[in-house]
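Colleague: I'm new to reading structures like this. Could you walk me through one?

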Amino acid sequence: MSRQSATRWRAPVGDRALGGRPARLRRALRRGLAVLCLLAVGALAVACAAAGAAQSTNEPAARPAGPPGARTLTIFAAASLSESFGELGKQFETSHPDVRVSFNFAGSQQLRAQLADGARADVFASANVAEMNNAVAAGSVVSGTQQTFAHNRLIVIFPPDNPARIGSLADLARPGVKLDLADMTVPVGQYALDMLARMSQDPTYGPGFRAGALANVVSLEDSVKSVVAKVSLGEVDAGIVYATDVTGSPARRVGTLQVPDRFNQPATYPIAPLAHAPQPVLAQQFVDFVLSPAGQQVLAGYGFLPGR
Amino acid sequence: MQSWLLIAGGLPLLALLTLPLVSLVLKTPPLAVLASLGDATTRQAIALSLRTSLLTVLVVVLFGTPLAYLLARKRLPGAPLLEVVLDLPTVLPPAVAGLALLMAFGRRGLLGAWLAGLGIQLPFTPLAVVMAQTFVAAPYYIKAAALGLSGVSYELEQAAALDGATPLETFRYVTLRLAWQGIVGGIALCWARALGEFGATIIFAGNLPGRTQTMPLAVYLGFELDLTRALTLAVILLAISFVILVAVRTILRGYSVESEP
């Protein structure tokens, strides 16, 4: 343009319209901060992925990359089998280098429902016979292929500092005690109810024992591990879980109270390869491994009673 | 012609949203729904869900409206931080929310330990259900209400004050009348979210029929025990949510003429 008139108003254009230098600086700072935040999140994601690749919970750290045809064995197992089957899975991978074992641990009732809805898996290990029978009825398991591989017992647990001063089984029915059980749809929940019923028939505890204990129940969890968690957090005064839930993991420091054998009907754990397993040969091999002396030894190490 | 194009573009998502709901209704035997209404556990779950969610809405409206107003006017220097804090419960998984509530109000929690000393126990009570629902549902109301309130011109409020109205009168007769739709929409969202809350509830409040077992919990456990029972509960929950949302929309449309400035 030729002449610049100082008195004539001109509409601000370009940089001046957007606020000039101070506004430019502010916008640049804000953009820089946003980019930094995104980079930080991205770096975190990459770091987690790298750590995960180097140290997967299902694979030994120094395992060489499997051949292109690496097979995956999918096992649906009751939550109470988390630790023991984790170790069995690792041993199975060592003896079968091209196999990767993948677990789904949850309440047996939930697993059976998922299988009935079409979840693809190779092996099903349940914490009670009822859910295995349900799986057979639903067609997930071929009748006759299931075998008992372990037994388990119930135990009463309480937080390490024992806030309710649980000293004997009779305290479970003492008014004011907060008891946590698994829901009756979960195997351990049903076992616990059976145990309380049996104790009510015993003169030591009397007929009102079961009602008294049930009146103390504050929550019914969907998995035995939730009961263990709430007890070790100190949110409840006592819980009824499997004896195997209190072996091993140092994080789960809880006090325990043994339940006499006459009230403690052993929980029966059946295992079976699944009818529509993607890897039927591997599935049968894993079942055989669990039933073998080596497998039984691992289970015994976690507190399970032998299958036979 | 253009709307056909838009519908075609959105059809996959629309199908994903509507097909499961339609399947749910079609796969549930109607007689089973009536039969389950006679079941005590079902009635308990429905009653508890309605009681706790309505209480949650009350709490959120009472304490959330001042926060929404604060956000709308942005007079506070820490407003962006407040916005982020109020957004967090929506982003966090409900299980994380439940765990966090336990760490704060559980028997060994930061505040909970002190309350336990006074004999007050929060976990495993219906109050815990309300707290869990409030934690996850409050941001929905606050955000919607803030949006509605920010649409009210500040000059109008100043004019009302100049004419002699007290702050409360200004809020009631001017601001609320104009922000009405955003607030009611926020209430609907908040109520729906509170009704459907599951993860935080089962961790913080636990699950006990009659005391803390809300409908979502009953559906989750019922699904494993008896599919029909779970389906009937799910259909009832769907029906209640549908009725709430339709009712709110009708109210909003009915009053939209009245609130035109």
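Modeller: Sure! Let's begin where the two chains meet: 14 residues of chain A are in contact with 13 residues of chain B. Bear in mind that this is a predicted model.

Colleague: Which elements give two or more residues to the side of chain A that touches chain B?

Modeller: Those are α3 (108-116) and β7 (217-221) of chain A. The biggest giver is β7(A), with five residues.

Colleague: And what is that side of chain A like by class?

Modeller: It's a mix: five nonpolar, five polar and four charged residues.

Colleague: How is the size of an interface often given?

Modeller: People often quote the accessible area lost when the parts come together. Here we've stuck to residues in contact, 14 from chain A and 13 from chain B.

Colleague: Let's pick one residue. Where is B:Leu217?

Modeller: You'll find B:Leu217 in helix α11 of chain B, which covers residues 215-225.

Colleague: Is B:Leu217 buried or exposed?

Modeller: The idea is to count the C-beta atoms around a residue, and 20 or more within 10 Å make it buried. B:Leu217 has 27 others within 10 Å, so it is buried.

Colleague: Which residues is B:Leu217 in contact with, leaving aside neighbours within four places in sequence?

Modeller: B:Phe198, B:Thr201, B:Ile202 and B:Asn207. As for B:Ala35, it sits 182 residues away along the chain, and the two C-alpha atoms are separated by 20 Å.

Colleague: What about the confidence scores for chain B?

Modeller: Chain B averages a pLDDT of 87, and 95% of the residues score at least 70. The model itself scores ipTM 0.78 and pTM 0.79.

Technical notes
Residues are numbered from 1 along each chain as its sequence is written. Chains are lettered from A and ligands numbered from 1 in the order in which they are written. This is a predicted model: local features need pLDDT of at least 70, side-chain atom pairs count only at pLDDT 80 or more; totals for chains, interfaces and linings use all residues. Helices (H or I, at least four residues) and strands (E, at least two) are DSSP runs, numbered from the N terminus. A residue is buried if 20 or more other C-beta atoms lie within 10 Å of its own, exposed if 12 or fewer, and partly exposed in between; C-beta atoms are placed from the backbone. Two residues are in contact if their C-beta atoms, placed from the backbone, lie within 7 Å. Ala, Val, Leu, Ile, Met, Phe, Trp, Tyr, Cys and Pro count as nonpolar, Asp, Glu, Lys and Arg as charged, and the others, Gly among them, as polar. pLDDT is the predictor's confidence in each residue, from 0 to 100.
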